[in-house]
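Work through the following exercises with the sequence and the coordinates open beside you. Each task is followed by a solution that proceeds step by step.

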Amino acid sequence: RVAITAGKQWYQRRVAITAGNAGGRNCTISMRTQYGHTNVPSVVGLLVFTHTWFWFPLAHFLCLAFQPTYLIGLNKDLKMPVMKFKSCAKPSAYAYPPLLEPPKEKEKEKVSTAILSTTAKKAAKSKTAAATPMEVDPPATAAAEKKEEKKVEEKKDEKKEEKKEKGDDEKKEKKEKVSTA
């Protein structure tokens with residue numbers, strides 16, 4: 001649950017930064033035209049954007065609500081004329097917000113390793129196991145191998161005989177049933 005929440009927070013921050021940087025930081029989100037009428041594509045874009053949690057590609061609909069805030073002036077020759085504007089606002093009101101800087105990595109402190117009592121016990125066991133030689137079975141003789149092979153063959157023969165006896169008994173029963181019928 002913590003991972004899901006962290007993922008959502010990360011996504012929310014990314015969307016907020018992206019919306020703030022839209023159009024080179026020269027766009028706003030608006031649902032009205034410059035004449036005061038409702039801008040239907042902007043309304044639809046924001047409505048669909050609210051369903052981003054169900055399917056992430058719906059986030060792209062936010063761009064339908066962006067409105068440019070910059071002024072471009074050209075003369076009849078498509079050249080920029082010399083313009084002067086007077087504003088009583090502070091220049092900081094028009095300044096771009098500072099870019100976000102990635103967090104600086106802190107130096108990691110070395111932590112001493114804790115030695116557990118179970119680790120010491122395992123180390124002691126491995127030392128004693130290395131000191132004692134491993135037990136080995138004596139090699140089997142050829143005569144013992146032949147005896148085992150004979151026993152296996154005898155068991156196979158016994159099974160075959162049992163099957164034959166069962167088959168003979170079934171044949172006799174069938175004959176008796178046919179003769180009595």
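## Exercise 1: the faces of helix α3

The cover over the buried residues of α3 includes β1 and β2.

Task: determine which residues of α3 are buried, and establish how they are arranged about the axis of the helix.

Solution. The model is a predicted one, and it is useful to note at the outset that, among the elements of the protein chain, α3 has the highest mean pLDDT, 92, whereas helix α1 (residues 2–20) has the lowest, 71. The buried residues of α3 are S42, G45, L46 and V48. Seen down the axis of α3, these buried residues fall within an arc of 165 degrees, so they line one face of the helix. A general property of the fold element helps in reading this pattern: an α-helix has 3.6 residues a turn, so residues three or four places apart point the same way. On the other side of α3, V40 and L47 are exposed.

Task: take S42 as a single case and list its contacts, leaving aside neighbours within four places in sequence.

Solution. S42 lies in helix α3, and because its relative accessible area is 0%, below the 20% limit, S42 counts as buried. With those neighbours left aside, S42 is in contact with S30, M31, L64, A65 and Q67.

## Exercise 2: two residues of one loop

Task: decide for H37 and for N39 whether each is buried or exposed.

Solution. Begin with the location: H37 is placed in the loop between β1 (27–29) and α3 (40–49), and N39 is likewise in the loop between β1 and α3. H37 has a relative accessible area of 54%, and because exposed means over 50%, H37 is exposed. N39, at 15% relative accessibility, counts as buried. Turning to contacts, and again leaving aside neighbours within four places in sequence, H37 touches M31 and R32, while N39 is in contact with M31, R32, T33 and Q67.

## Exercise 3: a nonpolar patch on the surface

Task: identify the residues that make the nonpolar surface patch, and examine L78 and M80 within it.

Solution. The patch covers about 630 Å² and is made by Y70, I72, L74, L78 and M80. M80 is found in the loop between β2 (66–68) and α4 (117–131), and L78 is also in the loop between β2 and α4. M80 counts as exposed at 70% relative accessibility, and L78 is exposed too, with a relative accessible area of 65%. The backbone of L78 deserves a separate check, since L78 has a positive phi of about 60 degrees although it is not a glycine.

## Exercise 4: the chain as a whole

Task: describe the order of the elements, the burial and the confidence of the protein chain.

Solution. The protein chain holds 5 helices and 2 strands, which run α-α-β-α-β-α-α from the N terminus on. Of its 181 residues, 8% are buried, and the chain exposes about 17,900 Å², of which carbon and sulfur atoms supply 60%. Among contacts with a separation of 6 or more, 49% are between residues 24 or more positions apart. Finally, the chain averages a pLDDT of 78, and 83% of the residues score at least 70.

Terms used: Residues numbered from 1 in each chain as written. Predicted model: local features only at pLDDT ≥ 70, side-chain atom pairs only at ≥ 80, totals over all residues. Heavy atoms only, no water. Patch = residues over 30% accessible without salt bridge, like charges linked within 9 Å, V, L, I, M, F, W, Y side chains within 5 Å. Areas by Shrake-Rupley, 256 points an atom, 1.4 Å probe, with all protein chains shown as cover. Salt bridge = Lys/Arg side-chain N within 4 Å of Asp/Glu carboxyl O. Helix = DSSP H or I, 4+ residues; strand = E, 2+ residues; numbered from the N terminus. Buried < 20%, exposed > 50% of the residue type's maximum accessible area, 1.4 Å probe, protein only. Contact = heavy atoms within 4.5 Å. pLDDT = per-residue confidence, 0-100. Arc of directions from axis to C-beta.
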